[in-house]
Amino acid sequence: MGLALDEPRDNDQSHTVDGLKIIIDPFAAKLVKDAGGLTIRNSIFGPQAELQGVTGCSGA
């Protein structure tokens, strides 16, 4: 099963995280790197990606 929000482009990066193939554009890759990484967690809804160091939603 996969989720595609867009078609891959030539400058996209491909990584495998916790057994899940991630294809990410350079801008999003910078956001993930700045957050300290990405973790894949299993839930009743299936795999979910979580940024490290992000602790909740902003109410602003």
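How many residues lie between β3 and β4 in the hairpin that they form? I looked at this first and noted that two residues stand between the strands. The model I am reading is a predicted one.

**Entry 1: overall layout**

I recorded one helix and four strands in the protein. Reading from the N terminus, I wrote down the order of the elements as β-β-α-β-β. I then looked up burial and found that 15% of the 60 residues count as buried. For the surface, I noted that the protein exposes about 5300 Å², with carbon and sulfur atoms supplying 55% of that area. I also checked the contacts with a separation of 6 or more: residues 24 or more positions apart account for 2% of them.

**Entry 2: the hairpin**

I returned to β3 and β4. Strand β3 covers residues 38-43, and strand β4 covers residues 46-51. The two strands run antiparallel and are joined by six bridges. I followed one pairing in particular: threonine 39 has glutamate 50 in β4 as its bridge partner. Glutamate 50 also came up when I examined isoleucine 40, since the C-alpha atoms of these two residues are 6.3 Å apart, although ten residues separate them in sequence.

**Entry 3: threonine 39**

Is threonine 39 buried or exposed? I classed threonine 39 as buried because its relative accessible area is 16%, which falls under the 20% cut-off. Threonine 39 belongs to strand β3. I also looked up its distance to valine 17, which is 22 residues away along the chain, and found 7.2 Å between the C-alpha atoms.

**Entry 4: the nonpolar core**

Which residues make up the largest nonpolar core? I listed six: Val17, Ile22, Ile24, Ala29, Val32 and Ile40. Both β2 (20-24) and α1 supply at least two residues of this core. In soluble globular proteins, nonpolar side chains tend to be buried together. Within this core I examined isoleucine 40, a residue of β3. Isoleucine 40 counts as buried because its relative accessible area is 13%, again under 20%.

**Entry 5: the two ends of the helix**

I finished with helix α1, which spans residues 26-35. Which residue reaches with a side-chain oxygen towards the backbone nitrogen of phenylalanine 27? I found aspartate 25 at the start of the helix, with that oxygen within 2.9 Å of the nitrogen. After the helix I came to glycine 36. Its phi is positive, near 100 degrees.

Conventions: Residues numbered from 1 in each chain as written. Predicted model: local features only at pLDDT ≥ 70, side-chain atom pairs only at ≥ 80, totals over all residues. Heavy atoms only, no water. Polar contact = N/O pair within 3.5 Å; in protein donor to acceptor, adjacent residues only side chain to side chain. Core = buried A, V, L, I, M, F, W, Y, C linked by side-chain atoms within 4.5 Å. Buried < 20%, exposed > 50% of the residue type's maximum accessible area, 1.4 Å probe, protein only. Contact = heavy atoms within 4.5 Å. Areas by Shrake-Rupley, 256 points an atom, 1.4 Å probe, with all protein chains shown as cover. Pairing = 2+ DSSP bridges.
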